[in-house]
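I opened a fresh page for this one and wrote down what I looked up as I went. Follow along with the structure beside you.

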Amino acid sequence: MTPPSGHARNTDVRSAALPPCRRCGSPALLTARYPHSWLNRAGDQVVGIKETILCPGCDANDPAATELLALLGRMSHDDVEHLATLDTLAHAWLETIRHRTPDPADLDDEASRWRTGDL
């Protein structure tokens with residue numbers, strides 16, 4: 001994935017009024033929405049917005065999220081002492097997740113289960 005050409009790399013990170021985790025339904029800690037693009041099968045660029053949720057359960061073993069989850073677990077809403085560290089860790093997490101792509105085999109499996117009514 002690459003940033004859409006001609007678009008700024010704006011990212012919207014939120015920590016309040018979050019949707020639940022789409023993977024497990026638990027409360028999320030952060031959401032990040034950012035522009036991204038990909039090439040479709042015809043080779044044309046498709047531009048869109050991607051949203052990623054940081055979930056304390058689902059992302060606990062993700063090396064990109066481990067330190068960020070630990071910091072968020074010990075911070076309070078009025079904690080200003082750790083804001084610089086939070087900024088650094090959030091940026092590192094975003095840089096990692098921004099470049100992740102779905103596993104085509106997982107997508108094919110999910111599509112197959114959807115077609116058969118198993119999803």
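**Entry 1: how far to trust it**

I note first that this is a predicted model. I looked up the confidence: the mean pLDDT of the protein is 83, and 88% of its residues reach 70 or more. Where is pLDDT under 50? I found that stretch at residues 1-8, for which the model has 20 contacts beyond four places in sequence. Low pLDDT means that predicted coordinates should not be read in detail. I therefore leave the details of residues 1-8 alone, as their pLDDT stays under 50.

**Entry 2: the overall plan**

I counted 3 helices and 3 strands. Going along the sequence, I read the pattern β-β-β-α-α-α. The protein has 119 residues, and buried ones make up 26% of them. I also checked the contacts with a separation of 6 or more: 47% of them are between residues 24 or more positions apart.

**Entry 3: the sheet**

What is the order of the strands in the sheet? I have it as β1-β2-β3, an open sheet of 3 strands with antiparallel pairing. β1 (12-14) and β3 are the edge strands, since each of them pairs on one side only. The twist from one strand to the next averages 25°.

I then went through the pairing of β1 with β2 (residues 30-39): the two run antiparallel and are joined by 3 bridges. Asp12 has Arg33 as its bridge partner in β2. Looking for a helix against the sheet, I found α2 lying across β1, β2 and β3, at about 30° to β2.

**Entry 4: two residues in or beside the strands**

Ala17 caught my eye in the loop between β1 and β2. Its phi is positive, about 55°, although Ala17 is not a glycine. Is Ala17 buried or exposed? I have Ala17 down as exposed, with a relative accessible area of 84%.

Gln45 has its place in strand β3. I looked at its side chain and found a polar contact of 2.9 Å with the side chain of Ser37. Gln45 is partly exposed, at a relative accessible area of 39%.

**Entry 5: salt bridges**

How many salt bridges does the structure hold? I get 6, and I took notes on some of them. As a reminder to myself, side chains of opposite charge can pair when their charged atoms come close.

I began at Arg14, whose side chain meets that of Asp12 in a salt bridge of 2.7 Å, N to O. Arg14 is partly exposed, with a relative accessible area of 47%. Asp12 is partly exposed as well, at 30%. Asp12 is thus a residue I have written down twice, here for its salt bridge and earlier for its bridge to Arg33 in β2.

Which residue does Arg100 pair with in a salt bridge? I found Asp62, the closest N and O atoms being 2.7 Å apart. This pair links distant parts of the chain, 38 residues apart. Arg100 sits in the loop between α2 (83-98) and α3 (104-115), while Asp62 sits in the loop between β3 (45-54) and α1 (66-74). I checked the exposure of both partners: Arg100 is partly exposed at a relative accessible area of 34%, whereas Asp62 counts as buried at 12%, because the cut-off for buried is under 20%.

My next stop was helix α3, where Arg113 and Asp109 both lie, 4 residues apart, about one turn of the helix. They form a salt bridge, with the closest N and O atoms 3.2 Å apart. Arg113 is partly exposed at 33% relative accessibility, and Asp109 is partly exposed at 39%.

**Entry 6: a buried aspartate**

My last look was at Asp59, in the loop between β3 and α1. I have Asp59 down as buried, with a relative accessible area of 7%. Which residues is Asp59 in contact with, leaving aside its neighbours within four places in sequence? I listed Arg23, Ile53, Leu54, Ala65 and Leu69. For Leu69 I also looked up the C-alpha separation from Asp59: 8.3 Å, with the two residues 10 apart along the chain.

Conventions. Residues are numbered from 1 along each chain as its sequence is written. This is a predicted model: local features need pLDDT of at least 70, side-chain atom pairs count only at pLDDT 80 or more; totals for chains, interfaces and linings use all residues. Side-chain values use heavy atoms; hydrogens and water are left out. A salt bridge is a side-chain nitrogen of Lys or Arg within 4 Å of a carboxyl oxygen of Asp or Glu. Buried means under 20% relative accessible area, exposed over 50%, partly exposed in between (1.4 Å probe, protein chains only). pLDDT is the predictor's confidence in each residue, from 0 to 100. Contact means heavy atoms within 4.5 Å. Axes are lines fitted to C-alpha atoms, for helices over the stretch in contact, and angles run from 0 to 180 degrees between N-to-C directions. A polar contact is a pair of N or O atoms within 3.5 Å; within protein, one must be able to donate a hydrogen and the other to accept it, and residues adjacent in sequence count only if both atoms are side-chain atoms.
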